[in-house]
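User: I'd like to learn how to read ligand sites in a model with more than one domain. Can you walk me through one?

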Amino acid sequence: MSKEVKTIGVLTSGGDAPGMNAAIRAVVRTAISRGYNVKGVHHGYNGLLTGEIVDMNLRSVSEIIHRGGTCLYTARCLEFKTLEGQQKAAQACRDHGIDALVVIGGDGSFRGCRDLAKLGIPCIGIPGTIDNDIACSDYTIGYDTAMNTAVEMIDKLRDTTQSHDRCSVVEVMGRNAGYIALNTGIAVGALVTLIPEVPYDLDRDVISKMKKTQKTGKQHFIIIIAEGVGHAQDLANEIQSRTGIDSRATVLGHVQRGGSPSLRDRVTASRMGYHAVELINKGIFNRVVASKAEAIVDYDIDVALSMYKTIDTSFLDIANAISI
Ligand code: ADP
Ligand code: F6P
């Protein structure tokens with residue numbers, strides 16, 4: 001065990017993601033098995049400011065590996081973005097005897113980790129977000145479950161779209177990233193997938209494609225739009241007015257953030273949670289845990305936050321080639 005650390009804190013921050021519970025469970029159980037005390041902080045960084053900090057034991061994390069959401073609750077905390085808020089949070093860690101903090105969240109949450117680390121609280125970040133938009137990691141906890149939920153919903157939508165010879169424009173989440181849209185688009189056989197990373201031309205990429213496929217007998221259309229591109233309703237209105245095809249918009253929304261985590265999310269979360277505690281146990285701090293080519297690795301927080309990730313646009317080529 002590392003000499004300096006006796007108690008490890010754990011919190012979830014930002015948007016929740018299926019698999020966060022599995023990560024919490026792995027952190028708590030690995031830490032206890034290595035001889036640490038564990039404290040759970042409720043509602044993200046907010047909980048540090050309000051003192052919502054509870055002791056955790058092996059049984060605190062029973063019956064959660066298969067549940068969506070986060071048993072520690074999560075929040076977005078504006079006050080924590082200020083130096084005063086961060087100083088208050090660092091003091092709360094000291095007051096509660098939290099010697100190192102594991103933060104499960106997205107890159108906003110990791111910026112918080114970096115700031116806390118500068119104030120003397122060692123931190124480890126674990127990527128938990130459905131968006132898969134953490135630059136240093138190939139994969140983020142929740143991504144697989146969210147995509148499977150989207151696919152399940154769009155499969156249902158296809159039935160009614162087909163019955164009515166309609167066009168369904170489906171807006172999926174992803175903040176400024178198109179990962180969910182791109183993979184979902186291929187998986188549901190969407191005619192068009194629009195992602196923020198690749199600019200599109202309405203006539204060339206949507207309208208003329210619909211008209212061309214109509215000529216070969218296509219009568220219903222599924223179009224996926226990532227939320228970072230624009231609103232499904234605006235696109236549906238535009239399509240209807242230009243083609244005359246009855247069009248509907250569906251915003252999948254927060255349903256994508258819920259549900260029992262997939263095997264991939266449970267296993268990745270368990271591996272990442274374990275890795276985070278192993279780092280602390282080796283006296284290695286201020287790192288972001290990441291998945292790279294199936295291995296679990298880690299990066300310095302500053303390096304992780306300076307990294308840039310590009311989407312594989314060959315997926316779009318595939319989607320376009322097989323959606324004619
Ligand atoms: P995510 O972690 O999913 O990217 P947010 O961007 O909403 O989600 O960030 C979650 C929380 O992390 C914020 O509410 C805030 O408390 C903290 N945070 C975000 N950005 C910063 C920042 N630049 N500096 C310090 N803390 C931040
Ligand atoms: O980061 C996860 C995410 O679900 C994004 O896909 C989306 O843009 C955002 O969070 C929605 O946030 P909120 O829960 O505040 O509506």
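Analyst: Sure. Keep in mind that this is a predicted model. A good place to start is the shell around ligand 2, which draws at least three residues from each of domain 1 (7-142 + 261-306) and domain 2 (144-257).

User: Which residues make up the surroundings of ligand 2?

Analyst: The idea is to list whatever has a heavy atom within 4 Å of the ligand. Here that gives Arg76, Thr129, Ile130, Asp131, Met173, Gly174, Arg175, Glu227, His254 and Arg257. Sorted by character, the shell has five charged residues, three polar and two nonpolar.

User: What polar contacts does ligand 2 make with arginine 76, glycine 174 and histidine 254?

Analyst: For a polar contact, look for N or O pairs within 3.5 Å. The side chain of arginine 76 places an N or O atom 2.6 Å from an oxygen atom of ligand 2. Histidine 254 also uses its side chain, with a polar atom 2.8 Å from a ligand 2 oxygen. With glycine 174 it's a polar backbone atom, 3.1 Å from an oxygen of ligand 2.

User: And how much of ligand 2 does the protein bury?

Analyst: You take the ligand's area on its own, then ask what the protein covers. Ligand 2 alone exposes 410 Å², and 75% of that is buried by the protein. As for location, ligand 2 occupies the largest pocket.

User: How far apart are the centres of the two domains?

Analyst: Compare C-alpha centres: those of domain 1 and domain 2 are 34 Å apart. Their contact involves 15 residues of domain 1 and eleven residues of domain 2.

User: Now ligand 1. Which residues come nearest to it?

Analyst: Same recipe. There are 17 residues around ligand 1, and Arg76, Cys77, Gly106, Gly108 and Ser109 come nearest. Serine 109 has a polar side-chain atom 2.5 Å from an oxygen of ligand 1. Arginine 76 turns up again, with a side-chain N or O atom 2.6 Å from a ligand 1 oxygen. From glycine 106, a polar backbone atom lies 2.9 Å from an oxygen of ligand 1.

User: How much of ligand 1 is buried, and where does ligand 1 sit?

Analyst: By itself ligand 1 exposes 550 Å², of which the protein buries 85%. Ligand 1 sits in the largest pocket, and that pocket is also the space taken by ligand 2.

Key. Residues numbered from 1 in each chain as written. Chains lettered and ligands numbered in written order. Predicted model: local features only at pLDDT ≥ 70, side-chain atom pairs only at ≥ 80, totals over all residues. Heavy atoms only, no water. Polar contact = N/O pair within 3.5 Å; in protein donor to acceptor, adjacent residues only side chain to side chain. Areas by Shrake-Rupley, 256 points an atom, 1.4 Å probe, with all protein chains shown as cover. 1 Å grid on protein atoms, 1.4 Å probe; cavity = no way out; pocket = protein on both sides within 12 Å on 5 of 7 lines; lining within 4 Å. Sits in = over half its atoms within 2 Å of the grid points. Nonpolar A, V, L, I, M, F, W, Y, C, P; charged D, E, K, R; others polar. Domains from an automatic or database assignment. Contact = heavy atoms within 4.5 Å.
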